[in-house]
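Thanks for taking a look at this one with me. Please have the sequence and the 3D view open side by side as you read.

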Amino acid sequence: IVRFRGNRATVFGAGHGLELLVTALLFDRHGNLWIGRGDNLLRASNPGAEDLQVEPVLTRMGATVVSLEQDKAGNILVGTYAGLLSFDPATGSVRRFSSFEGLPSGSVDALIAEPDGTVLLTAGGTLARLDPAVPARGTREPRCVVGALRIGARTLPWPETGLDRIEGLDISPSENQIEIELVGVSSRLGE
């Protein structure tokens, strides 16, 4: 990243956490600079400071960041080669958009927030309008059950449907290797 002030240019690179190619930039309403670099989302909270301090926010997303935008609610929308994420800076929560919300498949190359709260985007060569305020279908957490329990070398008998909780289990002090298998099913794509 190069910052110009008057007739002076300052280059921020590897020493500032920017060792890979920067693929997307966004200034949010609070003056933070959001940086897409590889499959990482970074934030510079005080981009006007003499020495740019960059912190990782989302790392190893699995796909390169190609576009950034801020929606009406203040979430940072992250377009990647594999789809669209919404990051809430206040809570740190991440939402992945899918075809259930009308997102075309493919790389989300461009994002534009509209005044009405919707977002225009291009994905896979298709122009689409998305309303990030609409709750995701199937947002209820999937039911999670204990699918199997192994203590040391023995596997305890277990119902095929699993159990919600483990009760009445006696474990000796020498049985210190315990493996609990949890199973949950979600009807939502990508979960």
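The points below go through charged pairs and then a surface patch.

1. A word before we start: this is a predicted model. Please keep that in mind for every value in this note.

2. How many salt bridges does the structure hold? The count is 4. Among them is the contact between the side chains of Arg-43 and Glu-55, with 3.1 Å from N to O. Arg-43 belongs to strand β5, which covers residues 40-44, while Glu-55 belongs to strand β6, residues 55-58. The two residues are 12 apart in sequence, so their salt bridge ties together separate parts of the chain.

3. Is Arg-43 buried or exposed? Arg-43 has 17% relative accessibility and counts as buried, because the cut-off for buried is under 20%. Its partner Glu-55 has a relative accessible area of 33% and is partly exposed. When you look at this pair, it may help to show the surface and the side chains together.

4. Next, please find Arg-150 and Glu-181, whose side chains meet in a salt bridge at 3.4 Å, N to O. This pair links distant parts of the chain, 31 residues apart. Arg-150 sits in strand β14 (residues 144-151), and Glu-181 sits in strand β16 (residues 178-184). Both ends are partly exposed: Arg-150 has 23% relative accessibility, and Glu-181 has 35%.

5. A further salt bridge joins the side chains of Arg-154 and Glu-175, with 2.7 Å from N to O. Where do the two partners lie? Arg-154 is in strand β15 (residues 154-155), and Glu-175 is in the loop between β15 and β16. They are 21 residues apart in sequence, so here too the pair ties parts of the chain together. Arg-154 is partly exposed, at 37% relative accessible area.

6. Which residues are joined into one network by salt bridges that share partners? They are Arg-150, Glu-179 and Glu-181. You have already met Arg-150 and Glu-181 as a pair in point 4.

7. Finally, please turn to the nonpolar side chains. Ile-166, Leu-169, Ile-171, Ile-178, Ile-180 and Leu-182 form a nonpolar patch on the surface. Together they have about 500 Å² of accessible area. One of these residues, Ile-166, lies in the loop between β15 and β16. Ile-166 is partly exposed, with a relative accessible area of 34%. The loop between β15 and β16 also holds Glu-175, the salt-bridge partner from point 5.

Conventions:
Residues are numbered from 1 along each chain as its sequence is written. This is a predicted model: local features need pLDDT of at least 70, side-chain atom pairs count only at pLDDT 80 or more; totals for chains, interfaces and linings use all residues. Side-chain values use heavy atoms; hydrogens and water are left out. Helices (H or I, at least four residues) and strands (E, at least two) are DSSP runs, numbered from the N terminus. Buried means under 20% relative accessible area, exposed over 50%, partly exposed in between (1.4 Å probe, protein chains only). Patches are made of residues with over 30% relative accessible area and no salt bridge: like charges are joined within 9 Å, nonpolar side chains (Val, Leu, Ile, Met, Phe, Trp, Tyr) within 5 Å. Accessible areas come from the Shrake-Rupley method with a 1.4 Å probe; for residues, only the protein chains shown count as cover.
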